[in-house]
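Reader: I'd love a close look at one part of this protein, please, starting from a single side chain and following its neighbours outward. Tell me what sits around it and what looks unusual along the way.

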Amino acid sequence: MRVDDKDMGNDLQSVLITKEEIDAKLAELAAKIDAEYAGKDLLLVGVLKGAVMVMADLARALSTPVTMDWMAVSSYGAGTQSSGVVRILKDLDTDIKGKHVLIVEDIIDSGLTLSWLLSNLGSREPASLEVCTLLRKPDAAKVAIDVKWIGFDIPNEFVVGYGLDYSEKYRNMPFVGTLAPHVYGG
Ligand SMILES: O=P(O)(O)OC[C@H]1O[C@H](OP(=O)(O)OP(=O)(O)O)[C@H](O)[C@@H]1O
Ligand code: HPA
Ligand SMILES: [Mg+2]
């Protein structure tokens, strides 16, 4: 699926962040993360499904050997507003007690998902717990969260692509963009 594909082109309003910009930013973040965790065992925890692309590309940009685990939580359902109620759809396979854990996210919007995750994973007594997110919407924050690594701050608009969906679609676009109003029934 590409921006110039006929169907996708009709649904897209704009490209906000290109694949090249994402690649460059992940390389930059990976260098900082490598420096931070030198000599330590690092567990990356990807938050399904949105973080799949960030996890895959960030992990490959790192020189640090990592292990990976996945958690699936959902607060959005099929809409564009967080319900605020976070549900665990799949828990971690591993015990994180005593481990250096880095949560990998695609986006922090209201912050409700991450705030809940930080308190849930924090209670499992990891050696350290930090967050790396590709995107953050500062103007949408409903809770303040301390995030160590942020790729891009973006405007308070619904975005899709690079893992992010609208109604489960558009996750496989290699860039981040906004959708035309007709897609939402406008
Ligand atoms: O800061 P918030 O307002 O909580 O929003 C951010 C979360 O919402 C999205 O996940 P979603 O629950 O839609 O599931 P998905 O990753 O499967 O799309 C996104 O991937 C983040 O995990
Ligand atoms: O802007 C967004 N797009 C897709 N999924 C999301 N989940 C939270 N915010 C968003
Ligand atoms: Mg998600």
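Author: Happy to! A strand here is a DSSP run of E that is at least two residues long, and strands are numbered from the N terminus. Please keep in mind that this is a predicted model.

Let's start with W70, which belongs to strand β3, residues 66-74. Is W70 buried or exposed? Neither label fits: W70 has 24% relative accessibility, so it counts as partly exposed, since buried would require a value under 20%. Leaving out neighbours within four places in sequence, W70 is in contact with G46, L48, V52, M55, K90, D91 and L92. A distance from W70 to T94 is available too: the two are 24 residues apart in sequence, and their C-alpha atoms are 9.4 Å apart in space.

Two of those contacts lead to the next stops. One of them is L48, and L48 is joined to K49 by a cis peptide bond, with omega about -5°. Most peptide bonds are trans. K49 itself is in the loop that runs between β2 (42-48) and α3.

Another contact of W70 is M55, which falls within helix α3, residues 52-61. This helix packs against α2, residues 19-36, with the axes 8 Å apart and an angle of about 60° between them. The two helices are therefore oblique to each other, and α2 passes α3 in a right-handed crossing. On the α2 side the meeting residues are L26, A30, I33 and D34, while α3 brings V54, D57, L58 and A61. Sorted by type, the residues of this contact are six nonpolar, two charged and no polar.

From β2 we can step across to H100, a residue of strand β5. Among the residues that H100 touches are L42 and L43, along with Y37, K40, D41, A127 and S128, again without counting residues up to four places away in sequence. With S128, H100 makes a side-chain to side-chain polar contact of 2.7 Å.

Just past β5 (100-108), in the loop that leads to α4 (112-122), is D109. D109 counts as buried because its relative accessibility is 16%. Its side chain makes a polar contact of 2.7 Å with the side chain of K137.

Following the chain onward, E125 is in the loop between α4 and β6 (128-136). E125 has a phi near 60°, a positive value in a residue other than glycine. Most residues other than glycine have a negative phi. The relative accessible area of E125 is 49%, so E125 is partly exposed. E168 also has a positive phi without being a glycine, at about 75°, and is in the loop between β7 (149-153) and β8 (176-179). With a relative accessible area of 44%, E168 is partly exposed.

That β7-β8 loop also holds V159, which counts as buried because its relative accessibility is 3%. Beyond residues up to four places away in sequence, V159 touches L16, I107, L135, I154, L164, V176, G177 and T178; I107 takes us back to β5, residues 100-108. As a last distance, the C-alpha atoms of V159 and G39 are separated by 37 Å, with their positions 120 residues apart along the chain.

How values were computed. Residues are numbered from 1 along each chain as its sequence is written. Chains are lettered from A and ligands numbered from 1 in the order in which they are written. This is a predicted model: local features need pLDDT of at least 70, side-chain atom pairs count only at pLDDT 80 or more; totals for chains, interfaces and linings use all residues. Side-chain values use heavy atoms; hydrogens and water are left out. Axes are lines fitted to C-alpha atoms, for helices over the stretch in contact, and angles run from 0 to 180 degrees between N-to-C directions. Helices (H or I, at least four residues) and strands (E, at least two) are DSSP runs, numbered from the N terminus. Angles under 35 degrees count as roughly parallel, over 145 as roughly antiparallel, 65 to 115 as roughly perpendicular and the rest as oblique. A crossing is left-handed if the near helix is turned anticlockwise from the far one by less than a right angle, and right-handed if clockwise. Contact means heavy atoms within 4.5 Å. Ala, Val, Leu, Ile, Met, Phe, Trp, Tyr, Cys and Pro count as nonpolar, Asp, Glu, Lys and Arg as charged, and the others, Gly among them, as polar. Buried means under 20% relative accessible area, exposed over 50%, partly exposed in between (1.4 Å probe, protein chains only). A polar contact is a pair of N or O atoms within 3.5 Å; within protein, one must be able to donate a hydrogen and the other to accept it, and residues adjacent in sequence count only if both atoms are side-chain atoms.
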